[in-house]
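Visitor: Could you take me through a close look at the ligand and its surroundings, and tell me how far the coordinates there can be trusted?

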Amino acid sequence: MNYFKSDYFTYINNQLHCENVNLTKLAEDFGTPLFVYSKKFLVDRYKELDEAFSSINHKIYFASKANFNLSVIKTFYELGSGVDVNSAGEFYRAIKAGVNPKDMLLTGVGKTDEEIRLGLEKGVFVIKAESIEEVYVINDIAQELNITAHVAIRVNPDVDAKTHPYVSTGLAENKFGIDSIYAYDMFLECSKLSNIELVGIDMHIGSQITTVQPFVEAVIKMAELYKKIQYAGIPLKHFDIGGGIGVLYNDETPFTPKELADKLIPIFMQLDAEIMFEPGRFLTANGGVLLTDVLYTKTNSLGKNFVVVNSAMTELLRPSLYQSYHHVQPIEKIDNIDFQADIVGPVCETGDYIAKEREITMVGRGDKLAIMSAGAYGMAMSSNYNGRRRPAEILVDGSEFKVIRSRETFGHLIFDEDTHI
Ligand code: LLP
């Protein structure tokens with residue numbers, strides 16, 4: 001059985017702990033499925049990235065789509081982070097976490113007029129546009145409001161991030177940003193608009209990128225463009241490299257922020273720009289686990305074993321959607337032989353699984369398991385499918401912990417619904 005190596009989730013007397021808090025106890029007291037996050041992990045990762053780039057003018061904007069819990073957002077904000085919001089809903093969450101709009105970036109490939117108006121009225125730091133049509137809409141709304149909109153344009157650098165096709169965003173064929181071939185002319189054209197101030201270039205080439213090469217390639221391309229645009233008299237101020245820093249789930253060998261900084265800082269030094277980052281996964285993925293109970297085990301006539309647990313694609317969609325790997329391990333180390341099994345959830349979809357053909361200590365009904373690396377795109381992508389109620393979330397800080405979201409009740413399932421027939 002393969003245990004995930006972590007400084008934040010460790011076995012003490014054969015019991016898995018998050019920092020100093022016993023996870024068996026949390027699972028018993030609060031029930032499962034249950035998300036548990038380590039605050040120390042969040043703080044350490046933020047500082048690691050921040051310090052790696054400390055020699056240049058930079059700012060981190062936490063991509064709240066990875067984990068939008070208010071306490072998680074607040075943890076980063078208190079460390080000096082800004083917040084990247086992708087919709088009016090994420091804007092609302094950030095406001096509720098106490099974030100000032102001037103510390104937010106408004107992103108998204110298809111912002112509605114209402115979202116643009118909200119961003120402008122509330123004064124977000126930058127709106128990132130992804131098409132020329134969108135820039136015109138921003139200009140019109142800014143004119144109505146009689147203000148100048150601070151706009152960055154997302155350029156698609158056409159590099160291969162070498163990641164899962166569903167999270168690769170920087171190829172010319174992808175829907176994101178504007179084609180780098182048209183970018184220069186578009187900046188010139190948009191600079192003529194009365195209510196737009198072009199303040200930066202933005203890119204985001206994909207997610208879970210585990211080598212620095214795609215970043216270097218894209219940054220070199222975008223840095224050339226940045227200089228050319230400045231030379232044309234448009235006083236850009238920001239260069240935003242997006243998110244995408246990959247992490248360890250299984251056997252990847254992701255680069256460290258320091259390794260990224262060593263390659264990128266020499267390029268950034270040639271630019272007159274504040275460098276911006278939008279990490280989500282790097283700051284949160286390995287800071288969270290999803291605790292679950294084994295409901296049943298069974299073996300079919302082909303000799304295939306199933307472990308049916310009480311977590312599903314509704315809590316962790318990643319395996320079903322991207323065939324992602326997450327370590328699954330008993331919360332209490334048990335002295336038993338290993339067997340191979342599919343670990344599956346209760347949802348009525350064949351695609352509902354947590355792990356396939358996994359070597360795991362033989363577990364049985366009532367045993368508790370931890371699904372590792374669940375801090376990013378876990379709860380944020382959860383759903384109520386099959387009438388499932390979203391789990392609670394707990395934030396651990398040393399020997400203390402707080403319930404930062406309670407388990408949904410049946411009332412949540414029918415909120416605002418009625419029978420009108
Ligand atoms: N900035 C933009 C514009 C983005 O679209 C994203 C992620 C980020 C920043 C943060 O990327 P990160 O640092 O987390 O890689 N649900 C998928 C990941 C989708 C990422 C979407 N955009 C997954 O579970 O792997």
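**The ligand and its surroundings**

Guide: In this predicted model, an oxygen atom of the ligand lies 2.9 Å from a polar backbone atom of G244, and an oxygen atom of the ligand is likewise placed 2.9 Å from a polar backbone atom of G280. With E278 the contact involves the side chain, where an N or O atom is 2.6 Å from a nitrogen atom of the ligand. Taken alone, the ligand would expose 580 Å², of which the protein buries 90%. The space that the ligand takes is the largest pocket.

The surroundings comprise 17 residues, and those that come nearest to the ligand are S207, E278, R318, Y322 and Y377. E278 therefore appears both among these nearest residues and in a polar contact made through its side chain, given that a pair of N or O atoms counts as such a contact within 3.5 Å. Sorted by class, the shell around the ligand holds 6 nonpolar, 5 polar and 6 charged residues.

As for trust in the coordinates, the mean pLDDT of the chain is 96, and 100% of its residues reach 70 or more. Confidence is lowest in strand β10, residues 178-179, yet the mean there is still 92, while the highest value, 99, belongs to strand β4, residues 34-38.

Two details of the backbone also deserve a careful reading. Most residues other than glycine have a negative phi, and most peptide bonds are trans. T32 and P33, however, are joined by a cis peptide bond with an omega of about -5 degrees, and P33 is found in the loop between α1 (23-30) and β4. N14, which is not a glycine, has a positive phi of about 65 degrees, and this residue is found in the loop between β1 (9-12) and β2 (15-18).

Conventions. Residues numbered from 1 in each chain as written. Predicted model: local features only at pLDDT ≥ 70, side-chain atom pairs only at ≥ 80, totals over all residues. Heavy atoms only, no water. pLDDT = per-residue confidence, 0-100. Helix = DSSP H or I, 4+ residues; strand = E, 2+ residues; numbered from the N terminus. Near = heavy atom within 4 Å. Polar contact = N/O pair within 3.5 Å; in protein donor to acceptor, adjacent residues only side chain to side chain. Areas by Shrake-Rupley, 256 points an atom, 1.4 Å probe, with all protein chains shown as cover. 1 Å grid on protein atoms, 1.4 Å probe; cavity = no way out; pocket = protein on both sides within 12 Å on 5 of 7 lines; lining within 4 Å. Sits in = over half its atoms within 2 Å of the grid points. Nonpolar A, V, L, I, M, F, W, Y, C, P; charged D, E, K, R; others polar.
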